[in-house]
Amino acid sequence: MMHRRSKLSVIGAGSVGSSLAYASLIRGSADEVVLQDINAALVDAEVLDIAHGAPLAGRSTIGGGADIEVTEGSDVIVVTAGAKQRPGQTRLDLAGVNARILDGMIPRLVELSPDAVIVLVTNPCDVLTVLAAERADLPAGRVFSSGTVLDSSRLRNAIARHTEVPSSEVQAVVLGEHGDSAFSHWSQATVAGVPVEEWRLSDGSAPVTPALRDAIDHEVVTAAYRVIEGKGATNYAIGLSGARIVEAVLHDEGAVLPVSSPLDGVHGITGVALSLPSVVGASGVARVVDVALTDDELDRLHRSAGAIADAVDALH
């Protein structure tokens, strides 16, 4: 039986889109990776650069161009196109300009690839997910965003450093907005299955104190600002995060990832998109996991929802 080749299209050949396409190629996330951007010179150069290394990476191929029709027949479409975040600018500040960019793009992408799962990476991804889901008019779960997959990776990395274990041994997620109101789900965080506050180092000390938790929270929430201040954009880690999400969809993994999708009654929240652990497979977000939250965490989740709702209302 012939194997049907999987197709990933990445919209936007800026630093994030090109990094995501590159990460997907070297990880073998999809058989065919397509990069599209209205800037023909830029996208042609990025495709050429990545293609030169394709023989060293595996079986995946890379192509693309300026015409949006190169995305036709995609299984997954990742949208990274939009104005980028400037130093000192919040993700929510980007909402208006990037919403206008999506307005004309989403219906055309759906027309060309009616069966595709659409993943938004463009910021503010939670706000834009709500708007894109409305424009796409697809079944629930087929449009979602990368949410706090990257934030959660930053959290796991920070906890791993202080607990002196590989990050693969840390289970912890960031919930809520992919932005300033995000918060770490400390009540369920574990190291090798041990609640994080009970973890001990070889000398018997408990490294994750309340003060360290506060410091890690600050580090995670402000990480993007630090990177943007130093080099103008975040790209490598979000590229890897996007590739991981693509794999969960194309391989129908049923992986539990903290992506952001429009909620319908989860924890009493409806009509906004927020990041909660979600089962991700071939149909996109199959369901949102009803995770246990402390009273404080539930309050923070609702505050995050309020910030997103205000931004969505302002754009309607």
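**Entry: helix 3 and helix 4**

I began with helix 3 (residues 95-112) and helix 4, whose axes come within 9 Å and cross at roughly 30 degrees. The model is a predicted one, and I read every value below in that light. Angles under 35 degrees count as roughly parallel, so I logged helix 3 and helix 4 as roughly parallel to each other. Helix 3 passes helix 4 in a right-handed crossing.

I then listed the residues that make this contact. From helix 3 I noted Ala95, Asn98, Ala99, Leu102, Asp103, Ile106, Pro107 and Val110. From helix 4 I noted Val127, Leu128, Leu131, Ala132, Arg135 and Ala136. Sorted by type, the residues of the contact of helix 3 with helix 4 are 11 nonpolar, one polar and two charged.

**Entry: helix 1 and helix 7**

Next I looked up helix 1 (residues 15-27) against helix 7 (residues 236-250). They pack at an angle of about 50 degrees, and their axes are 8 Å apart. That angle makes helix 1 oblique to helix 7. The crossing of helix 1 and helix 7 is right-handed.

Helix 1 brings Val16, Ser19, Leu20, Ala23, Ser24 and Arg27 to the contact. Helix 7 brings Tyr236, Ile238, Gly239, Leu240, Gly242, Ala243, Arg244 and Glu247. I sorted the residues of the contact of helix 1 with helix 7 into seven nonpolar, four polar and three charged.

**Entry: the nonpolar cores**

Which residues touch the most other members of the largest nonpolar core? I found Val79, Met105, Leu109, Ile118 and Leu274, in a core of 40 residues. Strand 4, helix 3, strand 5, helix 4, strand 13, strand 14 and helix 8 (295-315) each supply at least two residues of this core. Helix 3 gives the largest share of this core, eight residues. In soluble globular proteins, nonpolar side chains tend to be buried together.

I followed Leu109 further. Setting aside residues up to four places away in sequence, Leu109 touches Ile11, Ile68, Thr71, Ile77 and Val79. There is also a second, separate core of 33 residues, which includes Leu8, Leu25, Val149 and Val259.

**Entry: the loop between strand 3 and strand 4**

I checked two residues here, Ala66 and Gly73. Ala66 sits in the loop between strand 3 and strand 4. Its relative accessibility is 32%, so Ala66 counts as partly exposed. Not counting neighbours within four places in sequence, Ala66 is in contact with Gln36, Asp37, Ile38, Ala40 and Val43. I also took a distance: Ala66 and Ile11 are 55 residues apart in sequence and 9.8 Å apart in space, C-alpha to C-alpha.

Gly73 lies in the loop between strand 3 (61-65) and strand 4 (76-79). Is Gly73 buried, partly exposed or exposed? At 38% relative accessibility, Gly73 counts as partly exposed. With residues up to four places away in sequence left out, Gly73 touches Arg4, Lys7, Leu112 and Ser113. For a second distance I took Gly73 to Ile101: they are 28 residues apart along the chain, and their C-alpha atoms are separated by 22 Å.

**Entry: backbone checks**

Where is the cis peptide bond that I logged? It runs from Asn123 to Pro124, with omega near -5 degrees. Pro124 is found in the loop between strand 5 (117-120) and helix 4 (125-136).

I then turned to positive phi values outside glycine. Glu164 has phi near 60 degrees, a positive value in a residue other than glycine. Glu164 is placed in the loop between helix 5 (149-163) and strand 7 (170-171). With a relative accessible area of 59%, Glu164 is exposed; the cut-off for exposed is over 50%.

His267 also went on the list. Phi of His267 is near 55 degrees, again positive in a residue other than glycine. His267 is found in the loop between strand 13 (260-266) and strand 14 (269-275).

**Entry: Pro210**

My last look-up was Pro210, which is found in helix 6 (residues 210-231). At 63% relative accessibility, Pro210 counts as exposed. How far apart are the C-alpha atoms of Pro210 and His52? They are separated by 49 Å, and the two residues are 158 residues apart along the chain.

Key. Residues are numbered from 1 along each chain as its sequence is written. This is a predicted model: local features need pLDDT of at least 70, side-chain atom pairs count only at pLDDT 80 or more; totals for chains, interfaces and linings use all residues. Side-chain values use heavy atoms; hydrogens and water are left out. Helices (H or I, at least four residues) and strands (E, at least two) are DSSP runs, numbered from the N terminus. Buried means under 20% relative accessible area, exposed over 50%, partly exposed in between (1.4 Å probe, protein chains only). Contact means heavy atoms within 4.5 Å. Axes are lines fitted to C-alpha atoms, for helices over the stretch in contact, and angles run from 0 to 180 degrees between N-to-C directions. Angles under 35 degrees count as roughly parallel, over 145 as roughly antiparallel, 65 to 115 as roughly perpendicular and the rest as oblique. A crossing is left-handed if the near helix is turned anticlockwise from the far one by less than a right angle, and right-handed if clockwise. Ala, Val, Leu, Ile, Met, Phe, Trp, Tyr, Cys and Pro count as nonpolar, Asp, Glu, Lys and Arg as charged, and the others, Gly among them, as polar. A nonpolar core is a set of buried Ala, Val, Leu, Ile, Met, Phe, Trp, Tyr and Cys residues joined through side-chain atoms within 4.5 Å.
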